[in-house]
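Here is a short note for a colleague who has not yet looked at this entry. The points are meant to be read beside the model.

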Amino acid sequence: MGKSSAVTAHSAQIHERYMCRALELAELAAASGEVPVGALIVVEQSVVGVGRNSPIRDNDPTAHAEIIALRAAAAHGGNYRIPGATLYVTLEPCQMCAGAMIHARIEHLVYAAADPRTGAAGSAIDILGAAHNNHRPTVTGGVLAAASAALLQEFFTARRSA
């Protein structure tokens with residue numbers, strides 16, 4: 001994984017509060033038939049960008065929750081770089097999203113469920129922690145992981161039975 005950060009009791013509470021919001025966004029994605037992933041970006045305790053998966057609805061393979069949240073945060077700040085930001089997401093980012101986070105200079109990633117097949121924050125590959133990067137966000141994984149994993153499992157179980 002990328003650089004990890006110590007999680008104090010206070011920061012754990014903050015991470016859980018924002019991850020609950022990301023899970024709400026994931027539920028909205030699921031309700032619209034999309035893989036349930038939600039993301040939000042926080043700068044100085046203010047949410048500056050939100051996103052939920054919508055590649056099917058938008059006919060856009062890049063319409064991942066993280067990318068949508070990054071676009072909103074960049075527009076909010078008037079800059080493609082979002083220094084000092086924490087990105088919260090319900091599923092470990094893929095390679096595309098990890099690369100976008102590096103370019104945006106996201107300071108910290110907090111994710112819920114690990115993705116052993118495509119996770120790019122250390123599970124399948126570690127894009128965020130690669131030594132050749134000029135920027136490496138810190139990473140905290142596993143925040144409300146069980147809730148996120150259950151949402152994903154319910155979604156795919158329903159999809160397979162349909």
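1. Where is the place of isoleucine 82? Isoleucine 82 sits in the loop between H3 and E3; helices (H or I, at least four residues) and strands (E, at least two) are DSSP runs, numbered from the N terminus. The model is a predicted one, in which local features need pLDDT of at least 70 and side-chain atom pairs count only at pLDDT 80 or more, while totals for chains, interfaces and linings use all residues. Residues are numbered from 1 along each chain as its sequence is written, and side-chain values use heavy atoms, with hydrogens and water left out.

2. Is isoleucine 82 buried or exposed? Isoleucine 82 counts as buried because its relative accessibility is 6%; buried means under 20% relative accessible area, exposed over 50%, and partly exposed in between (1.4 Å probe, protein chains only). Leaving aside residues up to four places away in sequence, isoleucine 82 touches Ile41, Val43, Leu70, Ala73, Ala74, Ala104, Arg105 and Ile106, where contact means heavy atoms within 4.5 Å. The C-alpha atoms of isoleucine 82 and alanine 120 are separated by 20 Å, with the two positions 38 residues apart along the chain counted as their separation.

3. Strand E3 comes next. E3 is mostly covered, with 7 of its 7 residues buried. E3 runs antiparallel to strand E1 (residues 38-43), and 5 bridges join the two; strands pair if DSSP finds at least two bridges between them. One bridge places valine 43 with its partner alanine 85 in E3. With E4 the pairing of E3 is parallel, over 5 bridges, and valine 89 stands opposite tyrosine 111 in E4.

4. Threonine 86 belongs to strand E3 (residues 85-91). Which residues does threonine 86 touch, not counting residues up to four places away in sequence? They are Leu40, Ile41, Val42, His108 and Val110. Threonine 86 is buried because its relative accessible area is 15%.

5. Helix H4 (residues 95-104) has Cys97, Ala98, Gly99, Met101, Ile102 and Ala104 as its buried residues. Among the elements that cover them are helix H3 (65-77), E3 and strand E4 (108-113). Just after H4, arginine 105 takes a positive phi of about 65°.

6. Two other residues with positive phi deserve a look. Most residues other than glycine have a negative phi. Glutamate 44 has a phi near 50° and lies in the loop between E1 and strand E2 (46-52); it counts as exposed because its relative accessibility is 75%. Leucine 144 has a phi near 55° and is found in the loop between E5 and H5. With a relative accessible area of 25%, leucine 144 is partly exposed.

7. How many disulfides does a search of the whole structure find? The search finds 0, a disulfide being a pair of cysteine sulfur atoms within 2.5 Å. The cysteine sulfur closest to that of cysteine 94 is in cysteine 97, and there is no bond because the distance of 3.7 Å is too far. Cysteine 94 is buried, at 16% relative accessible area, whereas cysteine 20 counts as partly exposed at 40%.

8. Glycine 129 is in the loop between E4 and strand E5 (138-141). Its relative accessible area is 26%, so glycine 129 is partly exposed. The C-alpha atoms of glycine 129 and alanine 100 are 14 Å apart, and the two residues are 29 residues apart along the chain.

9. The largest pocket has a volume of about 470 Å³. On a 1 Å grid over the protein atoms alone, a pocket is an open set of points where a 1.4 Å probe fits, with protein on both sides within 12 Å along at least five of seven lines, and lining residues have an atom within 4 Å of a point. Grid points are joined across faces, edges and corners, and the volume is the space filled by probe spheres set on the points.

10. What lines the largest pocket? The lining has 20 residues, and Val35, Leu91, Asp115, Thr118 and Leu152 lie nearest the centre. Helix H5 (residues 145-161) gives the largest share, 4 residues. The lining divides into 12 nonpolar, 4 polar and 4 charged residues; Ala, Val, Leu, Ile, Met, Phe, Trp, Tyr, Cys and Pro count as nonpolar, Asp, Glu, Lys and Arg as charged, and the others, Gly among them, as polar.
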